[in-house]
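User: Please take a close look at one part of this fold. Begin at the surface, work inward, and keep it brisk.

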Amino acid sequence: MVKKRKIPMRKCLATGVSLPKSELIRVVRTPEGNIVVDDTGKVNGRGAYLSKKLEAIELAKRKKVLDRQLEARVEDVIYEELCKRVKE
């Protein structure tokens, strides 16, 4: 019998919906204080997850949920980067 692998679930900050980690985008505040979009899921620092939907990213920007979760000001450049990646 093949053992089923556990799928890691994470919650989208904007929508509050739990999804498999692979369906979310991770944004990280590094120990140096930089905010980066993490493709690997392995970047050191405080992470936050957002759904790969434009509505979720716009909601996060409007409500400033990333700013609160990462305890840092998230620049518009990061939101533009997230939108670009969702559209691809």
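Analyst: Lys64 is partly exposed, because its relative accessible area is 48%, between the limits of 20% for buried and 50% for exposed. Keep in mind that this is a predicted model. Lys64 sits in the loop between α1 (54–63) and α2 (65–70). Its phi is near 55 degrees, a positive value in a residue other than glycine. Most residues other than glycine have a negative phi.

A second residue deserves a look here. Glu71 is located in the loop between α2 and α3. The phi of Glu71 is also positive, near 55 degrees, and Glu71 is not a glycine. Glu71 counts as exposed, because its relative accessible area of 57% is over the 50% limit.

Now to the helix after that loop. Helix α3 spans residues 76–87. Leu82 lies in α3. Is Leu82 buried or exposed? Leu82 is buried, because its relative accessible area is 0%, and buried means under 20%.

What does Leu82 touch, beyond residues up to four places away in sequence? The list is Ile25, Val27, Val37, Leu50, Ile57 and Leu66. Ile25 and Val27 fall in β3 (24–29). Val37 falls in β4 (35–38), and Leu50 in β5 (46–51). Ile57 falls within α1, and Leu66 within α2. Pro20 gives a sense of distance: Leu82 and Pro20 are 62 residues apart in sequence and 18 Å apart in space, C-alpha to C-alpha.

Next, the sheet itself. Three strands form an open sheet in the order β4-β3-β5, with antiparallel pairing. The edge strands are β4 and β5, and each pairs on one side only. From one strand to the next, the twist averages 30 degrees. Helix α3 packs on this sheet and touches β3, β4 and β5. The direction of α3 makes about 10 degrees with that of β4.

Take the strand pairs one at a time. Strands of a sheet pair through backbone hydrogen bonds, either parallel or antiparallel. β3 and β4 pair in the antiparallel sense over four bridges. Val28 has Val36 as its bridge partner in β4. The hairpin of β3 and β4 has five residues between the strands. In that hairpin, Gly33 takes a positive phi near 100 degrees.

On the β5 side, β3 and β5 pair in the antiparallel sense over six bridges. Arg26 has Tyr49 as its bridge partner in β5. β3 is mostly covered, with five of its six residues buried.

Ser51 is found in strand β5. Ser51 is buried, because its relative accessible area is 4%, under the 20% limit. Leaving aside neighbours within four places in sequence, Ser51 is in contact with Cys12, Leu19, Glu23, Leu24, Ala56 and Ile57. Ile57 is therefore a contact of Ser51 and of Leu82, with contact meaning heavy atoms within 4.5 Å.

Last, the empty space beside these elements. The largest pocket has a volume of about 240 Å³. It is lined by 13 residues, and the closest to its centre are Leu24, Ile25, Arg26, Asp38 and Asp39. Which elements give two or more residues to the lining? They are β3 and α3. The largest share, three residues, comes from β3. By class, the lining has four nonpolar, three polar and six charged residues.

In short, β3 ties this picture together. It pairs with β4 over four bridges and with β5 over six. It is touched by α3. It also gives the pocket lining its largest share.

Key:
Residues numbered from 1 in each chain as written. Predicted model: local features only at pLDDT ≥ 70, side-chain atom pairs only at ≥ 80, totals over all residues. Heavy atoms only, no water. 1 Å grid on protein atoms, 1.4 Å probe; cavity = no way out; pocket = protein on both sides within 12 Å on 5 of 7 lines; lining within 4 Å. Points joined across faces, edges and corners; volume = space filled by probe spheres on them. Nonpolar A, V, L, I, M, F, W, Y, C, P; charged D, E, K, R; others polar. Buried < 20%, exposed > 50% of the residue type's maximum accessible area, 1.4 Å probe, protein only. Pairing = 2+ DSSP bridges. Axes fitted to C-alpha atoms, helices over the stretch in contact; angles between N-to-C directions.
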